[in-house]
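Me: I have a structure to look at, and I would like to understand the labels people put on its parts. Could you go through some of them with me?

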Amino acid sequence: MEAKETILEIKGLKKSFGEREILKDINVSVKEGEVISIIGSSGSGKSTFLRCINLLETPSAGEILYRGKNILGDDQDINAYRTKLGMEFNLFENHNVLSNCMIGQIKVLKRSKEEAETVALKYLKVVGMDQYVNAKPKQLSGGQKQRVAIARALSMEPDVLLFDEPTSALDPEMVGEVLKVMKELAEAGLTMMVVTHEMAFARDVSDRVIFMDEGVIAEEGDPQVIFNSPKEERTKAFLQRTLSEK
């Protein structure tokens, strides 16, 4: 098997807000086709870590290497880098489903309207939302909105998809439909980093699980090892607490 290329390498990443150090010396590499789940208690730094990766937050120290180049260097095109990272944000309420998936392609990637529509329809079909092209977000359920948001991120054809608690605001029956789409994307070989409370997804779909605690990576490794025989006491305590709540 040929070695997969490293897309992202995060070295010595730190983030502080004033006196509060949220991230302390984070080191992670992300290979092509890898699915990485990031788990941990609320306030452990998971979302801040993701927001630093796509520069919604500016890291206080460290390097983010994208295909070998430090994108925190002075001469890097941050907007071009951001297009390589997909993230599902809230939909534009005044645009229909199809337009939501076309707008970024046209404005940012400079695709023609025709090409953008073809790509948007392709990914709406992937997430099972191609029947809803004319619907406005307010006509959709939470799960449907989330699937359209994923299609919109996919339409930019990014190198890595970032998910920050994609199911946190959903009713239990809608959680399943979103996780099913994400599982299919993982099986199709997409590179994904997922901050999640869904332990079954982290255990069964990920190639690697990162457990964060108090701004550090306390433990990372194969999902089966992390879930069945974690080395760190704090990982054990977190999993016992989380899994007993289910």
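Me: Why is Tyr 66 called buried?

Reply: Buried means under 20% relative accessible area, exposed over 50% and partly exposed in between, with a 1.4 Å probe and protein chains only. Tyr 66 has 15% relative accessibility, so Tyr 66 counts as buried. This is a predicted model, where local features need pLDDT of at least 70, side-chain atom pairs count only at pLDDT 80 or more, and totals for chains, interfaces and linings use all residues. Residues are numbered from 1 along each chain as its sequence is written, and side-chain values use heavy atoms, leaving out hydrogens and water.

Me: What makes Tyr 66 and Tyr 81 an edge-to-face pair?

Reply: Rings of Phe, Tyr and Trp (its six-membered ring) pair if their centres lie within 6.5 Å; planes under 30 degrees apart are stacked, over 60 edge-to-face, and the rest tilted. Here the centres are 5.6 Å apart and the planes make 70°, which fits edge-to-face.

Me: How do you know that Glu 165 has no salt bridge?

Reply: A salt bridge needs a side-chain nitrogen of Lys or Arg within 4 Å of a carboxyl oxygen of Asp or Glu. For Glu 165, which is buried, the nearest side chain of opposite charge is Lys 46, 4.3 Å away. Lys 46 is itself one of the buried residues in H1.

Me: Why is the charged end of Arg 152 said to sit over the ring of Phe 92?

Reply: The rule asks for NZ of Lys or CZ of Arg within 6 Å of the ring centre and within 35 degrees of the ring normal. The charged end of Arg 152 is 4.9 Å from the centre of the Phe 92 ring and sits over that ring.

Note on methods:
Helices (H or I, at least four residues) and strands (E, at least two) are DSSP runs, numbered from the N terminus. Lys and Arg count as positive and Asp and Glu as negative; His and the chain ends are not counted.
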